Amino acid sequence: MWTVLITPKSYYEVRKEMEPLLKGCRVIYNETGRTLTEEEMCRLASGADGILVGVDPVSRKVIEGAPRLKAVSKYGVGVDNIDREALEERGIPLATTPGANNVSVAELTVGLLFVLARNLYAAAAEVKAGGWSRVRGTELTGKTLGLVGCGGIGREVARRARGLLMKVCFYDPYFQDERFIREHELERLSLEELLAVSDFVSLHVPLTGETRKLMNRERLGLMKPGAYLINTARGELVDEEALHWALSSGRLAGAACDVFSKEPPGDHPLLRLDNFLLTPHVGAHTHEAVTRMAKAATENLLRLLAASGGSGPR
Ligand code: NAD
């Protein structure tokens, strides 16, 4: 019988639907309602054959402390919380669920475009506080959206933004689907060009050594004055101190993020700015995406465990 550790908080909400798939497995769930610490991961993973993981740390320490571990299945695509080198050294395979949450994250991104363009966040808060001042917004039609990263999510955002009659350019040296680019009339630019022409810049790249603090003070300074930044990818892509400078100095009109370098962020100075908005990493948190991800990640885990040999569920 396989012992599997399942950590994503939202998986726990749909676990009943997944039970038939996991028949015969001994399942350890994350029942804390929050992301697990490294210490908790070490303890819970120590006897596991497989881990189905959200954003909780699968560090070298966790991997080395789990002698039976044969497979890791990521609930999503961002694998920056997983020490892939340590997995490779043990020959432990890792699977992800590409595409399962593309639409949900893209829809959130489009929502944030509207929120920023019409200052909806501050406007609604002001009415609740007894005010009624009408801040002038901007239309999205005809504006330029710059996508940094044109992968699964970036492409879904591009399609929707074109539907809103926005111009869409992108920076992604690895994206080669010329047909998609032609069909959706996207413009390929260098990062510097994109930052200079975009009214809205939206980040859709993975967190890697190359992309960490991609949006530093220099690059934020290259953005069009009065432009907006959206980050639904990973908090560490943005130098938060530099973003504070860009927003408080009025260099940028606003920023909306779904991710932060530390989640939850605690008492961060950015949260005191009216033109900064942070949602609690809800990009993939829709019923549809959660169900798709849970099913795909469970199937991946069981497939990898079956391929590893050993005694499976009966
Ligand atoms: P993806 O792998 O399909 O696409 C990423 C794209 O980024 C690829 O096209 C790749 O070529 C490009 N890229 C990689 N390095 C680059 C670089 N240095 N410069 C420019 N482009 C680069 O991934 P995706 O599904 O589109 O997801 C993007 C990111 O969104 C994920 O890695 C994850 O961190 C994040 N995400 C967040 C949520 C959320 O809940 N907010 C949910 C899912 C994913």
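Here are three short exercises on this predicted model, each with a worked solution. Residues are numbered from 1 along each chain as its sequence is written, and side-chain values use heavy atoms, leaving out hydrogens and water. Because the model is predicted, local features need pLDDT of at least 70 and side-chain atom pairs count only at pLDDT 80 or more, while totals for chains, interfaces and linings use all residues.

**Exercise 1.** Work out how helix α6 and helix α8 cross, and which residues meet there.

*Solution.*
- Start with the axes: those of α6 (residues 102–117) and α8 (residues 152–163) come within 8 Å and cross at roughly 50 degrees. Axes here are lines fitted to C-alpha atoms, for helices over the stretch in contact, with angles from 0 to 180 degrees between N-to-C directions.
- That makes α6 oblique to α8 (under 35 degrees is roughly parallel, over 145 roughly antiparallel, 65 to 115 roughly perpendicular, and the rest oblique).
- Next, list the contacts (heavy atoms within 4.5 Å): N102, V103, V105, A106, E107, T109 and V110 in α6 meet G152, I153, E156, V157 and R160 in α8.

**Exercise 2.** Find which residues are closest to the ligand, then look at its oxygen contacts.

*Solution.*
- Of the 25 residues surrounding the ligand (a heavy atom within 4 Å), the closest are G152, I153, D172, T232 and D258.
- For D172, a side-chain N or O atom is 2.6 Å from a ligand oxygen.
- For G152, a polar backbone atom is 2.9 Å from an oxygen atom of the ligand.
- For A284, a backbone N or O atom lies 3.3 Å from a ligand oxygen.

**Exercise 3.** Locate the cis peptide bond and give its omega.

*Solution.*
- The cis bond joins E263 and P264, with omega about -5 degrees.
- P264 is found in the loop between β11 (252–257) and β12 (276–278).

Notes
Helices (H or I, at least four residues) and strands (E, at least two) are DSSP runs, numbered from the N terminus. A polar contact is a pair of N or O atoms within 3.5 Å; within protein, one must be able to donate a hydrogen and the other to accept it, and residues adjacent in sequence count only if both atoms are side-chain atoms.
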